[in-house]
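Colleague: Before the model is put to use, I should like to go through it with you in questions and answers. Please show the sequence and the structure.

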Amino acid sequence: MSTTYNTAAVIGCKVPRTKIWIRKETRSCRHVVVDDNANFCPECGKKLWKTTDHCISQYDDYEGHFCYYRTIDGYRVFGTKEDDFVIIAAQFIKTDLYSGPQVMQIACPQDIPFIQKSFKKRLQQLDLWDENEFGIWVVMWCT
Ligand SMILES: [Zn+2]
């Protein structure tokens, strides 16, 4: 097993993880427990409550552990639910150790307001937009 170092340049928006993965406390079993202070089920012995993360419906986790394959509404997401935040990409270029140096202009400066306009509109609909967090980001990770 080897480590691959990845880097991406991203035009996008930084979003707190808690806006994508909503943390919920749910019951571990269906037994009726009358003691309000109980931590464990007297019937089956399980801990009464468990913490689970439910991602928003627009989040697509179709390739699991490769964070750059996740999307929200078609936009690539850089980062995982273990991170404090993720970067949602309007446009990006990604490279890794094996592909060598890459030079590519992902957008002309005059195109950025155009890119921002449609991206902002969609992220606002999903309550993920933050004007102060839109920009050009560099994301690095190991796989
Ligand atoms: Zn139980």
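**From one residue to the whole model**

Modeller: A suitable starting point is Ile-88, which lies in strand E7. The model is a predicted one.

Colleague: Is Ile-88 buried or exposed?

Modeller: A residue counts as buried once 20 or more other C-beta atoms lie within 10 Å of its own. For Ile-88 there are 30 other C-beta atoms within 10 Å, so the residue is buried.

Colleague: Which residues does Ile-88 touch, not counting residues up to four places away in sequence?

Modeller: Ile-88 is one of the residues with the most contacts inside the largest nonpolar core. With residues up to four places away in sequence left out, Ile-88 touches Gly-12, Cys-13, Val-15, Ile-72, Tyr-75, Val-77, Leu-123 and Leu-128.

Colleague: How many residues has the largest nonpolar core, and which elements each supply at least two of them?

Modeller: The largest nonpolar core has 19 residues, and those with the most contacts inside it are Phe-78, Val-86, Ile-88 and Ala-89. At least two residues of this core come from each of strand E1 (5-16), E6, strand E7 (85-96) and H1.

Colleague: Which residues of strand E6 are buried, and on which faces?

Modeller: Strand E6 spans residues 75-78 and is covered on both faces. The buried residues are Tyr-75 and Val-77 on one side, and Arg-76 and Phe-78 on the other.

Colleague: Which residue in E6 is the bridge partner of Arg-70?

Modeller: Strand E5 (residues 70-72) runs antiparallel to E6, and three bridges join the two. The bridge partner of Arg-70 in E6 is Val-77.

Colleague: What is the phi of Asp-73?

Modeller: Asp-73 is placed in the loop between E5 and E6, a hairpin with two residues between the strands. With 16 other C-beta atoms within 10 Å, Asp-73 is partly exposed. Most residues other than glycine have a negative phi. Asp-73 is not a glycine, yet its phi is positive, near 55°.

Colleague: Which residue after H1 has a positive phi, and is it buried or exposed?

Modeller: H1 is followed by Asp-127, with a positive phi near 60°. This residue is found in the loop between H1 and strand E8 (134-142). Because Asp-127 has 9 C-beta neighbours inside 10 Å, it counts as exposed.

Colleague: What distance does helix H1 reach from its first C-alpha to its last?

Modeller: Helix H1 covers residues 112-125, which gives it 14 residues. At 1.5 Å a residue the expected span is 20 Å, and the helix comes close to it, reaching 20 Å.

Colleague: How many residues of strand E3 are buried?

Modeller: Strand E3 (residues 49-55) has seven residues and is hardly covered. E3 pairs with strand E2 (residues 21-27) in the antiparallel sense over seven bridges, and Lys-50 in E3 is the bridge partner of Thr-26. The count of buried residues in E3 is zero.

Colleague: Which residues does Glu-25 touch, not counting residues up to four places away in sequence?

Modeller: Glu-25 is placed in strand E2. It has 9 other C-beta atoms within 10 Å and is therefore exposed. Beyond the residues up to four places away in sequence, Glu-25 touches Trp-49 and Thr-51.

Colleague: What separates the C-alpha atoms of Ile-88 and Thr-52?

Modeller: Along the chain, Ile-88 and Thr-52 are 36 residues apart. Their C-alpha atoms are separated by 23 Å.

Colleague: In what pattern do the strands and the helix follow one another?

Modeller: The protein contains one helix and eight strands. Read along the sequence, they follow the pattern β-β-β-β-β-β-β-α-β.

Colleague: Why is the protein said to be more spread out than a compact globule, and what is its radius of gyration?

Modeller: For 143 residues the globule rule gives 15 Å, and the protein is well over this value, so it is more spread out than a compact globule. Its C-alpha atoms fill a box of roughly 65 × 40 × 20 Å along the principal axes, and 17% of the 143 residues count as buried. The radius of gyration is 20 Å.

Colleague: Where is the confidence lowest, and where is it highest?

Modeller: The mean pLDDT of the protein is 87, with 91% of the residues at 70 or more. Confidence is lowest in strand E4 (residues 59-60), at a mean of 81, and highest at 94, in H1.

Conventions: Residues numbered from 1 in each chain as written. Predicted model: local features only at pLDDT ≥ 70, side-chain atom pairs only at ≥ 80, totals over all residues. Helix = DSSP H or I, 4+ residues; strand = E, 2+ residues; numbered from the N terminus. Rg over C-alpha atoms; globule rule 2.2 N^0.38 Å. Buried ≥ 20, exposed ≤ 12 C-beta atoms within 10 Å, placed from the backbone. Pairing = 2+ DSSP bridges. Expected span 1.5 Å × (residues − 1). Core = buried A, V, L, I, M, F, W, Y, C linked by C-beta atoms within 7 Å. pLDDT = per-residue confidence, 0-100. Contact = placed C-beta atoms within 7 Å.
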